[in-house]
Amino acid sequence: MRREATFKNSFLGRRAVVVGAGLGGLSAARVLADYFDEVIILDRDELPDDAVPRPGVPQGKHPHVLLGGGLKALENLFPGFGNELMRAGAEPMEPGYDFLYEVPGQDVWPRIKLSWPTYSMTRPLIERTLRRQVERLGNITVRRGCRALSIVSEAHVLAATGIRYETPAGNRKTLEADLIVDASGNGSLTLEFLKATDRGLPTETSIGVNTRHASALFERVDIGNDYKGVFTFPDAPEHCRRGLILPAENNRHQVVLAGRGNDIPPIDGNEFLGYARTLPTLSVYNAIKNAKRLTGITPFSFAESRWRHFAQVPEFPKGLLPIGDAICRFNPVYGQGMTVALQEANLLFDLLRTVDGSQLATLAPTFLTKAETLIAAPWAMSAIPDFIYPETTGERPADLEDRLNFRSALGRLAVRDAEVYELLTEIRHLLKPLSLLDDPSIVRRVKEEIAKGSQGNQSLAIART
């Protein structure tokens, strides 16, 4: 007997298969569980019961930020999820109060308590907490240690109808499905199926950043002034070094240092501290110089942000839906990836309430078109600061200098105006649209701030002559 949909009495198929048990895949599975008899999640990892890093998430040892928009998306699919995180050990965070932001040449932003919280924890903890929530649903099965090999279709049918995978014992099997969600991260399953069915590959927008990271867990970290975290921005474009401290479960802190290109943060303990000492401020160094490092220092490199425009592929195959990093992989420095994947799952949630089984063929084109709109704002928010570095590759906006000046002036304005700071924080946490910064009153004040900056620079130049 099929399970009736909770959100709408609408049946879409017998089986859905989700490839990937990360946050995007788990959230998508939750949505699909109300429209399919069964949902099967395939993941190549064994998926440990403890909150420890796993091989399939190479960046799992590095800090991950759950933005306010991500928590809102999770709460929409799993009411009370924030409480589950806190019970698991996640640290509650007031984004406007608990976090010290340090921008070179700019005063510290105001410290205010906002009306919405978020939580800080390691990536393994949030993933394990979400997986346990998903596994409580009776028609979802997580198959561990199963490596997806390829998407298949029936003869003379261009739709995706199943998936070939390898079991933990090394046997190869085919699993039939009415819908396949590619949440595998690299999106290679979707790309190979498009090629196999003689469809064109999606165009890609990429921004080459070549960022280098080194991370470790510490205890007895002391940031001072009751701050729980700190983010020291680089003095760009002359310098690229930055540092981040985030609280984690069990009274620990995640610490990451980042550079670009050949400026690689070291993985030797003493050299790691020395690198921290060269950041624009000493806040990160002072917080960890007497702390106890609990783990080795793990390196991680990120070559480029990549956005695949699947919505532009003609006749995108029925029965297939890429999601999360398979569509767009963001520069991890800005902490947007998890939140966007969760918001995409919510987009799927909204769409499925309006379709029936006969409309499944239009699900992917509609979803992918709407996902383009969803991705555009966070992509723009990370692309502009990345392009401040001359060595960044990709198509620069014609008005890049104007945008950079606007961004810098907006930051200075937020220092003095708590309302502007609150709005900016909500936008950065993907809770409010970026378009709100086009409000005439804000644009006027930012332009005035730009004019003040120009006058100050002229005065400084005269004083130096």
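This passage describes the strands, helices and backbone features of a predicted model.

The mean pLDDT of the chain is 92, and 94% of its residues reach 70 or more. Two stretches fall under 50. One covers residues 1–9, for which the model nevertheless has 23 contacts beyond four places in sequence. The other covers residues 456–465, where the number of such contacts is zero. Where pLDDT is low, the predicted coordinates should not be read in detail.

Five strands make up an open sheet with parallel pairing, arranged in the order β6-β2-β1-β10-β17. Its edges are formed by β6 (140–143) and β17 (320–322), each of which pairs on one side only. On average, and with direction ignored, neighbouring strands in this sheet are turned by 15 degrees against each other. Within the sheet, β2 (residues 36–42) is joined to β6 by four bridges in the parallel sense. In this pairing, isoleucine 40 stands opposite threonine 141 of β6.

Helix α1 (residues 23–32) lies across four strands, namely β1 (13–19), β2, β6 and β10 (179–182), and runs at about 170 degrees to β2. Helix α1 also packs against two other helices, α4 and α8.

The partner α4 spans residues 123–135, and its axis comes within 10 Å of that of α1, with a crossing angle of roughly 20 degrees. Because angles under 35 degrees count as roughly parallel, α1 is roughly parallel to α4. The crossing of α1 with α4 is left-handed. On the side of α1, the contact is made by Leu23, Leu26 and Ser27, and on the side of α4 by Arg123, Ile126, Glu127, Leu130, Arg131 and Val134. Sorted by class, the residues of this contact are five nonpolar, one polar and three charged.

The second partner, α8, spans residues 337–352; its axis comes within 9 Å of that of α1, and the two cross at roughly 15 degrees. The helices α1 and α8 are therefore roughly parallel to each other. Their crossing is right-handed. Helix α1 contributes Leu23, Gly24, Ser27, Ala28, Val31 and Leu32 to the contact, while α8 contributes Met338, Ala341, Leu342, Ala345, Leu348, Phe349 and Leu352. This contact of α1 with α8 has 11 nonpolar and two polar residues, and no charged ones. Leu23 and Ser27 of α1 take part in the contact with α4 and also in the contact with α8.

Helix α4 packs in addition against α3 (residues 81–88), at an angle of about 125 degrees and with the axes 10 Å apart. That angle makes α3 oblique to α4. The crossing of these two helices is right-handed. The residues in contact are Phe81, Glu84, Leu85 and Ala88 of α3, together with Leu125, Ile126, Arg128, Thr129, Leu130 and Gln133 of α4. By class, the contact of α3 with α4 comprises six nonpolar, two polar and two charged residues. Ile126 and Leu130 of α4 belong to this contact and to the contact of α4 with α1.

A further open sheet consists of three strands in the order β7-β8-β9, with antiparallel pairing. The strands β7 (147–152) and β9 (172–176) each have a single partner strand, so one side of each is left without a neighbour in the sheet. Neighbouring strands here are turned by 25 degrees against each other on average, direction ignored. Five bridges link β7 to β8 (residues 162–166) in the antiparallel sense. Serine 150 stands opposite arginine 164 of β8. Helix α5 (residues 188–196) lies across β7 and β8 and runs at about 30 degrees to β7.

Two features of the backbone occur in loops. Aspartate 198, in the loop between α5 and β11 (204–219), has a phi near 60 degrees, a positive value in a residue other than glycine. A cis peptide bond, with omega about 5 degrees, joins alanine 236 and proline 237. Proline 237 belongs to the loop between β12 (229–232) and β13 (242–248).

Terms used:
Residues are numbered from 1 along each chain as its sequence is written. This is a predicted model: local features need pLDDT of at least 70, side-chain atom pairs count only at pLDDT 80 or more; totals for chains, interfaces and linings use all residues. Side-chain values use heavy atoms; hydrogens and water are left out. Two strands pair if DSSP finds at least two bridges between them. Axes are lines fitted to C-alpha atoms, for helices over the stretch in contact, and angles run from 0 to 180 degrees between N-to-C directions. Contact means heavy atoms within 4.5 Å. Angles under 35 degrees count as roughly parallel, over 145 as roughly antiparallel, 65 to 115 as roughly perpendicular and the rest as oblique. A crossing is left-handed if the near helix is turned anticlockwise from the far one by less than a right angle, and right-handed if clockwise. Ala, Val, Leu, Ile, Met, Phe, Trp, Tyr, Cys and Pro count as nonpolar, Asp, Glu, Lys and Arg as charged, and the others, Gly among them, as polar. pLDDT is the predictor's confidence in each residue, from 0 to 100.
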